[in-house]
Structure formats: C-alpha cells, structure tokens
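Student: I have a structure open in front of me. Please take me through one part of it closely, the disulfide, and then show me what lies around it in the rest of the chain.

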Amino acid sequence: MSVSLILAAALMTPAAPSAEPELRVAIGDLDFTRPADQDAFVQRVRDASRAFCDRHLEVVTPDRLGDPAICRSEMRRLAYRALPDRQRGEIASTGRYRVIR
C-alpha cells in the first residue's frame, strides 16, 4: 500500500463546487532521514504543486488568476505542513523546508 499526502484545496471559496481538487504526493517509499529522499520529496512537491495549480488555478485562487506562483507556494506550504511530525522535523532540521516554500 502506498502512502500519499492528500491535500484538499484549502483556498476554496464557499461558492466553489463541492468536489474539492486534491494535491497528492507519494511519500511511502521515502526515508526522511536520508538527504536524497528529502530532496526527492521537495522535487515531488514542486512537481505536484505545479501540475495541481496548472489544472485548478481558477478554483483555488479565483482572485489571483494572473499569478500561479501564489497557488504553487501555498500548496507547497500545505504539503509540508501535512507531513507527519517526524518527517516534518527531518525536513526542518536540514533547512529543506525553506526550499519548499
């Protein structure tokens, strides 16, 4: 069974459809004590947030349609915050959390 972070779009407006888009990032194969796996997580989050925002920008940030960077940075932040405490601590201890933002 694979483990994934699943984030519903937290910036949805009340008038948005009931089916909220989700950002998914696979983490089950990563060992967060290894720098290479932390780098892999950072890259996966970047790739997933870019793809997510390309598809859902108008739903997630309706007042900022001209600036996908806001969507991407918020989804990266949410992915980091959704990590279990231990994995989030490993990322923070190496400073890679700054790269995610």
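Tutor: Here is the disulfide, with the setting of the chain before it and other residues after it.

Keep one thing in mind from the start. This is a predicted model. The chain averages a pLDDT of 81. Of its residues, 77% score at least 70. Confidence varies along the chain. It is highest in helix α3, at 94. It is lowest in strand β1, residues 4-8, at a mean of 56. Over residues 8-16 the pLDDT is below 50. Beyond near neighbours in sequence, that stretch still has 16 contacts in the model.

Now the layout. The chain has 4 helices and 2 strands. Read from the N terminus, the order is β-β-α-α-α-α. The chain counts 101 residues, and 38% of them are buried. Take the contacts with a separation of 6 or more. Residues 24 or more positions apart account for 47% of these. The chain exposes about 5,800 Å². Carbon and sulfur atoms supply 50% of that area.

Next, the part you asked for. How many disulfides does a search of the whole structure find? The search finds 1. Its partners are C53 and C71, with their sulfur atoms 2.0 Å apart. What kind of link is that? A disulfide is a covalent bond between the sulfur atoms of two cysteines. The angle about the S-S bond is -85°, and the link of C53 and C71 is left-handed.

Where do the two ends sit? C53 lies in helix α1, and C71 lies in helix α2, residues 68-82. The two are 18 residues apart in sequence, so the pair ties together separate parts of the chain. Are these cysteines buried or exposed? Buried means under 20% relative accessible area. C53 has a relative accessible area of 1%, so it is buried. C71 has 0%, so it is buried too.

Stay with helix α1 for a moment. This helix covers residues 35-60. V60 is in it. V60 has 1% relative accessibility, so it counts as buried. What lies across from it in space? P21 is 39 residues away from V60 in sequence. Their C-alpha atoms are 8.5 Å apart.

Now look for aromatic rings. The structure holds 2 aromatic pairs. One of them joins F32 and F41. A pair of aromatic rings is described by the distance of the centres and the angle of the planes. For F32 and F41, the centres are 5.4 Å apart and the planes are at 65°. That makes the pair edge-to-face. F32 has 2% relative accessibility, so it counts as buried. F41 has a relative accessible area of 0%, so it is buried as well.

Move on to helix α2, which also holds Y80. Y80 has 13% relative accessibility, so it counts as buried. What does Y80 touch, leaving out residues up to four places away in sequence? It touches R88, I91, A92, Y97 and I100. Y97 is 17 residues from Y80 in sequence. Their C-alpha atoms are 7.3 Å apart.

R88 is worth a stop. R88 lies in helix α3, residues 85-93. Its relative accessibility is 14%, so R88 counts as buried. Leave aside its neighbours within four places in sequence. R88 is then in contact with Y80, R81 and L83. With R81 there is a polar detail. A polar atom of the R88 side chain lies 2.9 Å from the backbone oxygen of R81.

Last, a contrast from strand β2. This strand covers residues 22-26 and includes R24. Is R24 buried or exposed? It has 52% relative accessibility, so R24 counts as exposed. The R24 side chain has a polar contact of 2.9 Å with the side chain of E22. R24 is 21 residues from V45 in sequence. Their C-alpha atoms are 8.7 Å apart.

Put the central picture together. C53 in helix α1 is linked to C71 in helix α2. From helix α2, Y80 touches R88, and R88 lies in helix α3.

Conventions
Residues are numbered from 1 along each chain as its sequence is written. This is a predicted model: local features need pLDDT of at least 70, side-chain atom pairs count only at pLDDT 80 or more; totals for chains, interfaces and linings use all residues. Side-chain values use heavy atoms; hydrogens and water are left out. Buried means under 20% relative accessible area, exposed over 50%, partly exposed in between (1.4 Å probe, protein chains only). A polar contact is a pair of N or O atoms within 3.5 Å; within protein, one must be able to donate a hydrogen and the other to accept it, and residues adjacent in sequence count only if both atoms are side-chain atoms. Contact means heavy atoms within 4.5 Å. Accessible areas come from the Shrake-Rupley method with a 1.4 Å probe; for residues, only the protein chains shown count as cover. Rings of Phe, Tyr and Trp (its six-membered ring) pair if their centres lie within 6.5 Å; planes under 30 degrees apart count as stacked, over 60 as edge-to-face and the rest as tilted. pLDDT is the predictor's confidence in each residue, from 0 to 100. A disulfide is a pair of cysteine sulfur atoms within 2.5 Å.
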